[in-house]
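Colleague: I am new to reading protein models, and I would love a close look at a single part of this one. Could you pick the cysteines and the strands around that stretch of the chain, and take me through them slowly?

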Amino acid sequence: MAPRKNFRNQAKKEVKPAAVVNKNGVKVEASVAASGGGFSGTKIFTWFMVLALLGVWSSVAVVWFDLVDYDNVIGKLSAYDADGDGDFDVEDAKVLLGLKERPVSVLLREAKEESAVKEPDAVPPPDDDVDGSQNTDVESEIQAAVPLPPISDDFIPDDSRDEATHPYEDENNAIDMKGELVEKAQPQQTLEESKQYKNQPGSPETKETEAESVPEPEADVEPEVESVPELEAEFVPELKENAEDQPKDKLKEKAKKKKPKLLNKFEKTIKTEIDAAEKLRKKGKVEEAVRAFETLVLQYPQSPRCRYGKALAEDGLAEKMLSNDMLQKAIGTYKEASELPNATPDLIKATLKKRAERQQFLGRMRGALATLEKLVQIFPEDMALKNDLGVAHLLIGDNNSAKRVYEEVLATAPSDGFAKVHYGFILKSENKIAESIPFLRDGLESGDPGTDDGRFYFHLGDALQRMGDDSAYKWYERGHQRGHFASVWQRSLYNVDGLKAQPWWTPKDTGYMDLVKTLERNWRIIRDEAQSVMDKTTGLFVPEEENLREKGEWGQFTLWQQGKKAGESCRSVPKTCGLLERYPEATGCKRGQIKFSVMQPGTHVWPHTGPTNCRLRMHLGLVIPKTGCKIRCTNDTRAWEEGKVLIFDDSFEHEVWQDADSYRLIFIVDVWHPELTQYQRQTLSPI
């Protein structure tokens with residue numbers, strides 16, 4: 001009997017089927033023969049079922065064990081759903097390729113999602129302070145009242161448009177709105193420059209820098225312009241407080257103020273939507289912000305905050321487009337927002353202040369005045385608004401009304417520094433020199449916002465000089481240290497940085513040799529015509545009106561002013577004007593004059609400085625007494641000679657004495673500073 005183990009081995013052996021002979025006479029395995037050499041239909045079905053079952057069980061395993069994050073995958077794909085319809089199609093492709101704008105609903109949704117990601121978890125405040133503690137960025141930036149600007153004795157100087165009242169499309173100032181050509185005292189402290197606009201200027205002083213050539217749009221809104229007295233027209237509107245110039249205790253006090261409450265009870269329920277639209281504006285997407293707020297205004301027409309947001313967005317778009325029309329639209333929207341029912345007091349105040357500011361920017365001074373008067377009626381206890389109202393009166397030349405406003409403020413708040421410096425300034429313009437000093441000095445020492453202004457240092461020092469008080473130079477030095485003056489001697493306020501600065505010049509220094517030679521060769525012709533138009537009785541021209549004389553008589557006869565020819569005057573002295581016509585450095589000097597100047601014996605002109613470093617002043621001697629007439633510029637005193645030209649930079653302090661026994665007659669010709677470019681000469685605003 002075979003051993004058992006062999007049986008086991010046999011059982012393990014593969015049993016071969018019997019070989020068969022196919023029709024070709026070749027032996028093949030029986031199983032292969034039976035199947036015809038391939039898989040049977042039954043076997044194919046069996047394999048299909050096996051694979052199907054494997055797929056089913058694999059799917060069950062994926063779901064059961066959560067092996068794939070479907071939400072994450074779908075979320076990534078949704079990035080291509082640009083039109084918000086839930087899928088990716090041709091319309092989405094058009095948006096992604098820039099052929100179609102994204103719907104406002106999508107923009108708002110994305111802004112909300114971003115806000116939700118960035119905002120930390122916090123416990124909501126009580127209902128009565130929701131908008132106070134969780135306001136959007138724009139609400140926090142309207143935190144405090146912004147003082148409106150102080151202005152000059154005339155309070156509507158041409159150069160006042162340099163900082164704050166230029167329309168976007170004024171041909172002389174389109175570049176200013178890009179921050180490329182703005183004025184400020186030289187040198188300047190470090191200030192935040194927006195562009196501000198932005199660009200709107202943040203300091204009362206201004207600075208001019210060379211701008212690159214850019215197309216200048218045509219003006220469609222002309223500001224109100226009046227002529228500027230040569231010395232006392234230094235004021236430019238100031239639309240922002242300079243936080244860096246404020247004392248630290250003032251900044252801390254300001255920081256403690258509560259945020260304004262701009263949302264009413266209903267608007268708190270739609271705060272997320274408002275924030276989403278506001279985020280677009282803050283990111284500089286002003287076109288999208290305008291559309292987003294327009295959608296909200298259509299959806300919530302009685303919401304003051306939505307309409308205020310729309311006005312802010314339009315304002316930003318006006319800046320981007322340099323469009324007066326768009327800015328005028330924003331001004332109208334500000335008004336609409338302030339008049340809607342259920343507007344909070346803080347929103348009314350913020351909206352109307354912004355409206356007045358933008359009206360001033362466009363040169364609509366009387367419109368701004370009306371807006372501020374309405375504000376004061378609504379908020380009679382707000383001294384800051386009254387201060388703004390006083391400035392608005394000054395801007396239209398109504399010094400008496402401004403004086404009454406500041407008297408009211410000081411009666412209620414006697415330590416208000418802003419009111420003090422402006423009240424002192426008005427007193428000085430009335431020639432109440434001694435009375436003006438304590439107000440100007442105390443106001444500057446207060447450190448209140450809006451007081452650290454070069455013009456107040458200028459006029460306080462000038463008042464002290466006229467009273468014979470040498471402490472004037474202490475204030476000039478302080479003004480210089482604060483960045484308002486180039487030096488103690490050079491105290492002009494409207495300057496171009498980097499120009500050569502020296503008190504006395506030679507003809508060769510200026511490069512205007514041909515003009516100087518023409519004047520000196522023809523001095524007798526010029527003298528004879530000047531004498532022909534003098535008043536034969538008084539020996540005077542039109543009296544000097546700049547309040548620069550301590551005593552005596554000083555008259556002027558003007559031929560060109562701010563680059564414009566005085567036709568009637570030139571007809572009286574045709575030869576003189578004919579000589580000058582071919583010298584654009586003189587006749588085209590928009591920051592100067594060409595005039596005859598006659599000074600009678602016993603006249604003294606106070607130490608003073610001109611308003612700008614952009615010009616040089618030529619004096620041609622016509623009738624000069626042998627002794628007694630002299631001019632000091634800084635600490636260098638000189639005398640005129642008949643037929644000779646003296647040249648000095650009148651942005652430096654200068655003083656004149658006429659102690660002769662007969663009149664002194666000279667011809668004054670202002671010329672552009674030789675280092676100014678042609679483009680600067682064309683674009684600088686007149687003074």
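Modeller: Happy to; what follows starts with the whole chain, turns to the cysteines, goes on to one strand and its partners, and ends with a patch on the surface.

Please keep in mind that this is a predicted model. The chain has 687 residues, and buried residues make up 52% of them. Its secondary structure comes to 28 helices and 15 strands. The accessible surface is about 32,600 Å², with 53% of that belonging to carbon and sulfur atoms.

Now for the cysteines. A disulfide is a covalent bond between the sulfur atoms of two cysteines. Here the count comes to one disulfide, and the pair it joins is Cys-570 and Cys-577, with 2.2 Å from S to S. You can also give this bond a handedness: the torsion about the S-S bond of Cys-570 and Cys-577 is about -80 degrees, so the disulfide is left-handed. If you look for these two on the outside, you will not find them exposed, as both Cys-570 and Cys-577 are buried.

Why is Cys-614 not bonded in this way? The cysteine sulfur closest to that of Cys-614 belongs to Cys-589, and at 8.4 Å it is too far for a bond; the cut-off for a disulfide is 2.5 Å. Cys-614 has 0% relative accessibility, so it counts as buried. Cys-633 also counts as buried, because its relative accessibility is 0%.

Next, follow the chain to strand E15, which covers residues 664-672. Nine of its nine residues are buried, so to speak of E15 as mostly covered is fair. Two strands pair with it. Strand E8, residues 593-599, runs antiparallel to E15 and pairs over six bridges. One place to look is Ser-597, whose bridge partner in E15 is Ile-666. Strand E10, residues 615-623, also pairs with E15 in the antiparallel sense, over eight bridges. There you can find Leu-620 opposite Phe-667 of E15.

To finish, here is a contrast with those buried residues. Trp-47, Val-50, Leu-51 and Leu-54 make a nonpolar surface patch of about 430 Å². Leu-54 lies in helix H3, which spans residues 41-64. Its relative accessibility is 52%, so Leu-54 counts as exposed; the word applies to values over 50%. Try finding Leu-54, exposed, and then Cys-614, buried, in the structure.

Key:
Residues are numbered from 1 along each chain as its sequence is written. This is a predicted model: local features need pLDDT of at least 70, side-chain atom pairs count only at pLDDT 80 or more; totals for chains, interfaces and linings use all residues. Side-chain values use heavy atoms; hydrogens and water are left out. Patches are made of residues with over 30% relative accessible area and no salt bridge: like charges are joined within 9 Å, nonpolar side chains (Val, Leu, Ile, Met, Phe, Trp, Tyr) within 5 Å. Accessible areas come from the Shrake-Rupley method with a 1.4 Å probe; for residues, only the protein chains shown count as cover. A salt bridge is a side-chain nitrogen of Lys or Arg within 4 Å of a carboxyl oxygen of Asp or Glu. Helices (H or I, at least four residues) and strands (E, at least two) are DSSP runs, numbered from the N terminus. Buried means under 20% relative accessible area, exposed over 50%, partly exposed in between (1.4 Å probe, protein chains only). Two strands pair if DSSP finds at least two bridges between them.
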